[in-house]
Amino acid sequence: MSTSILFRTLSGQIKNLGHRNTGCVWTLTRNAHNKSNSPLAQYGGRFTVTMLPGDGIGPEMMNYVKEVYRYAGVPVDFEEIRFDPNSESEIDFFDAITSIKRNGVAIKGNIETRENRPGQISRNVELRNELDLFTYIMHCKSFPGIQTRHKDIDIFLIRQNTEGEYAMLEHENAPGVVESLKIVTRANSERLARYAFDLAVKEGRKKVTTVHKANIMKVSDGLFLETCTAVAKEYPNIEHNNMIIDNCCMQMVAKPQQFDVMIMTNLYGNILSNLACGLIGGPGLLSGRNMGPKYAVFEPGTRNTGQSIAGKNIANPIAMLNASVDLLDHLGLDHHAQLIGSAITKTINEDHIFTPDLHGQATSIDVVQNVIRNIQYETKAKNWGGSHMGR
């Protein structure tokens, strides 16, 4: 790892140590931010949003988002920044950071990080650290139109987004001996816990489960569990329990309905969010929200590049479209969020337009075109007083 990259990584971790809880009530919407600290770029009634297409299927998914926005009349303009996965230059990365800080919000695909290249750190992780996107939220909810083993799943997964094993602090002490640091701080654990409990209150949830491995990692995970337990005492109307990560995975597969809101460190969140996506139908459905005090970044839930299916017109666009709905909700464009969200829901639950990952025969374009038809129908019915009868 180069000296400049190591210094920036260490600086990001030190910066995160300085964050303290401000007593804010965090929510999933634009009200999660202090508006004075998170200016959204809006000109003449239109918002400017940073778009990071990423690699693999990302660019084609972003084209679908643009097309759906066009038909829905969404007042959003995109400032697009592309990364070269083969380049070690940091110019594109700093352009992206500058753009997001200017616009306040972004939508992104996953940016590929080459394996076994110690000199290149994950731009996805670095972006979250640089913008202090300390929490990742995935709402895992069953789709009635998709046949799965489990029904009626409805879980909020709240993941720490800037610490843990993703601190990217590794070194080789001696040939063949590598040491990796896991960073857990009370300050970041506390603000994550408050976010989770405030979310539980806002959403009318009854229980928060802290996921950990404190029986083995007694100091690091012990601190995380201790902090979450202390915060839980301030919310007497919310039940709090804790579960060891390996048992939690088994319980998720056996009876996911027992979970309501789950809070976890970074690596466990990566594992459980992918597991949750598998339970409700696969990686092509759910979206995720990266939230911080000032900025917000929206993306597909599983953070996969999908390199093997790129350009084949078979990738499921629903996850990215759902991310675009989350973006609209954050911007306060409630009408457009509801319009596109309803069109997506109808495409899945009523029209049953499924790509191969859902055992269907539809192409990516088939799904997008059906979403657009639903938008056109709803727009026509509203604007011209049309009836839903006889469709």
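This is a short chat about a buried threonine, two helix pairs and a pocket in a predicted model.

Q: Before we start, what are the ground rules for this model?
A: It is a predicted model, where local features need pLDDT of at least 70 and side-chain atom pairs count only at pLDDT 80 or more, while totals for chains, interfaces and linings use all residues. Residues are numbered from 1 along each chain as its sequence is written, and side-chain values use heavy atoms, with hydrogens and water left out.

Q: Thanks! Where does Thr209 lie?
A: Thr209 is in strand β9, residues 207-212. Strands here are DSSP runs of E with at least two residues, helices are runs of H or I with at least four, and both are numbered from the N terminus.

Q: And is Thr209 buried or exposed?
A: Buried, because its relative accessibility is 0%. The cut-offs are under 20% relative accessible area for buried, over 50% for exposed and partly exposed in between, with a 1.4 Å probe and protein chains only.

Q: Which residues does Thr209 touch?
A: Leaving aside residues up to four places away in sequence, Thr209 touches Asn241, Asn242, Met243, Phe259, Val261, Met262 and Ile263. Contact means heavy atoms within 4.5 Å.

Q: Switching to helices: at what angle do α2 and α10 cross?
A: Roughly 115°, and the axes of α2 (residues 58-72) and α10 (residues 334-349) come within 11 Å. Axes are lines fitted to C-alpha atoms, for helices over the stretch in contact, and angles run from 0 to 180 degrees between N-to-C directions.

Q: Which residues make that contact?
A: Val68, Tyr69 and Ala72 come from α2, and His336, Leu339 and Ile340 from α10. They divide into five nonpolar, one polar and no charged. Nonpolar covers Ala, Val, Leu, Ile, Met, Phe, Trp, Tyr, Cys and Pro; charged covers Asp, Glu, Lys and Arg; the others, Gly among them, are polar.

Q: How about α3 and α4, what's the angle there?
A: About 35°, with the axes of α3 (residues 91-103) and α4 (residues 123-130) 11 Å apart. From α3, Phe93, Ile97, Ile100 and Lys101 take part, and from α4, Arg123, Glu126, Leu127 and Glu130. By class, that contact has four nonpolar, no polar and four charged residues.

Q: Last topic: which element gives the most to the lining of the second largest pocket?
A: That's α10, with seven residues. A pocket is an open set of points on a 1 Å grid over the protein atoms alone, where a 1.4 Å probe fits, with protein on both sides within 12 Å along at least five of seven lines; lining residues have an atom within 4 Å of a point.

Q: What classes are in that lining?
A: The lining residues divide into 11 nonpolar, 11 polar and six charged.

Conventions
Grid points are joined across faces, edges and corners, and a volume is the space filled by probe spheres set on the points.
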